[in-house]
Amino acid sequence: MAEQADERRFGEYVVVRRHAYVAELALDRPKAMNAVSTEMARSIAEACEHLAADRDARVTVLTSTHERAFCVGADLKERNSFTDADLVRQRPVARAAYTGVLELPMPTIAAVHGFALGGGFELALSCDLIVADGTAVVGLPEVSVGVIPGGGGTQLLPRRVGAARAAELIFTARRLQAVEARGLGLIDELVAEGRDREEALALGARIAANSPVGLRAAKRALRLGHGLDLRAGLEVEDAAWRSVAFSGDRAEGVAAFNEKRSPQWPGE
């Protein structure tokens, strides 16, 4: 893939593109259906570090360049050659990829088609929203190969679908087709076949029209407040509100509303 002015490559397998205020983080290891090798994990983490520091990126959309897969999970061919010491050394590299996506400060959307299994589905679960087309097949099959979901799946899936449903899905290692996955809440929006990327980018653009300061603060409140009792959660919300109440974005938003015009967000 040729380098373009609005595109930056991280290693061989990850590309970041910009669409105005929407950043696209594309998984680009088509020969392996985006299986996450050590090198690819390192590149995902580096790309996320770059995006986290980009104050002009209001939304990030996670996509795949492979026609039949979002990501099939960990590279088991690579893992098959590992010694125990190799696996220990790889673990922090792999974790950094998943936490890199999870801890991005702006809203994040996964655009899923085809297989999103194991670590691939965990990358999607690390996003705030999941848009999938009718070809999507999702699941966490790790116990079928003697491990457990290690990219956040045991913690993120129950936050989406509840503890009992997550236990059933993880213990059985079963794969879900798109319609069932949408019905159970594993994906948020089901779109026409081949439209996941376009629809996710369009959703990202709608979100990015809003205050970047407000978006990041709202995400912070949602993430930090989840699981707390109501009183503690409201304190988290109040702290997030205070962080935006005296911002340039708040002043511009109020002024634009009263002047009946579109806001020009200063982003501070």
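How many bridges join strand 7 to strand 9, and do the two strands run parallel or antiparallel? Three bridges link strand 7 (residues 115–117) with strand 9 (residues 137–139), and the pair runs parallel. Let's walk through the rest of this predicted model from the whole chain down to individual contacts.

## The chain as a whole

The chain's secondary structure comes to 11 helices and 11 strands. Its radius of gyration is 19 Å, close to the 18 Å that the globule rule gives for 268 residues, so the chain is as compact as a globular protein of that length. If you would like a sense of its extent while turning the model, the C-alpha trace spans about 60 × 50 × 40 Å along its principal axes.

## The seven-stranded sheet

Strands of a sheet pair through backbone hydrogen bonds, either parallel or antiparallel. One sheet here is open and holds seven strands, in the order 1-2-3-4-6-8-11, with mixed pairing. Its edges are strand 1 (7–10) and strand 11 (189–191), each of which pairs on one side only. From one strand to the next, the twist averages 20°.

At one of those edges, strand 1 pairs with strand 2 (residues 14–19) in the antiparallel sense, over four bridges. To find this pairing on your screen, look for R8, whose bridge partner in strand 2 is V16.

## The four-stranded sheet

The strands from the opening question belong to an open sheet of four strands, ordered 5-7-9-10, and its pairing is mixed. Strand 5 (69–71) and strand 10 (176–177) stand at the edges with a single partner strand each, so one side of each has no neighbour in the sheet.

Within the parallel pair of strand 7 and strand 9, A116 is a handy residue to pick out: its bridge partner in strand 9 is V138.

## Helix 5 against helix 6

Two packed helices are described by the angle between their axes and the distance between the axes. For helix 5 (residues 153–161) and helix 6 (residues 163–172), the angle is about 130° and the axes lie 7 Å apart. The two helices are therefore oblique to each other, and helix 5 passes helix 6 in a right-handed crossing.

Which residues of helix 5 and helix 6 meet? On the helix 5 side they are G153, T154, L157, P158 and V161, and on the helix 6 side A163, R165, A166, L169 and I170. The residues of this contact divide into seven nonpolar, two polar and one charged.

How values were computed
Residues numbered from 1 in each chain as written. Predicted model: local features only at pLDDT ≥ 70, side-chain atom pairs only at ≥ 80, totals over all residues. Heavy atoms only, no water. Axes fitted to C-alpha atoms, helices over the stretch in contact; angles between N-to-C directions. Parallel < 35°, antiparallel > 145°, perpendicular 65-115°, else oblique. Left-handed = near helix turned anticlockwise from the far one by under 90°. Contact = heavy atoms within 4.5 Å. Nonpolar A, V, L, I, M, F, W, Y, C, P; charged D, E, K, R; others polar. Pairing = 2+ DSSP bridges. Rg over C-alpha atoms; globule rule 2.2 N^0.38 Å.
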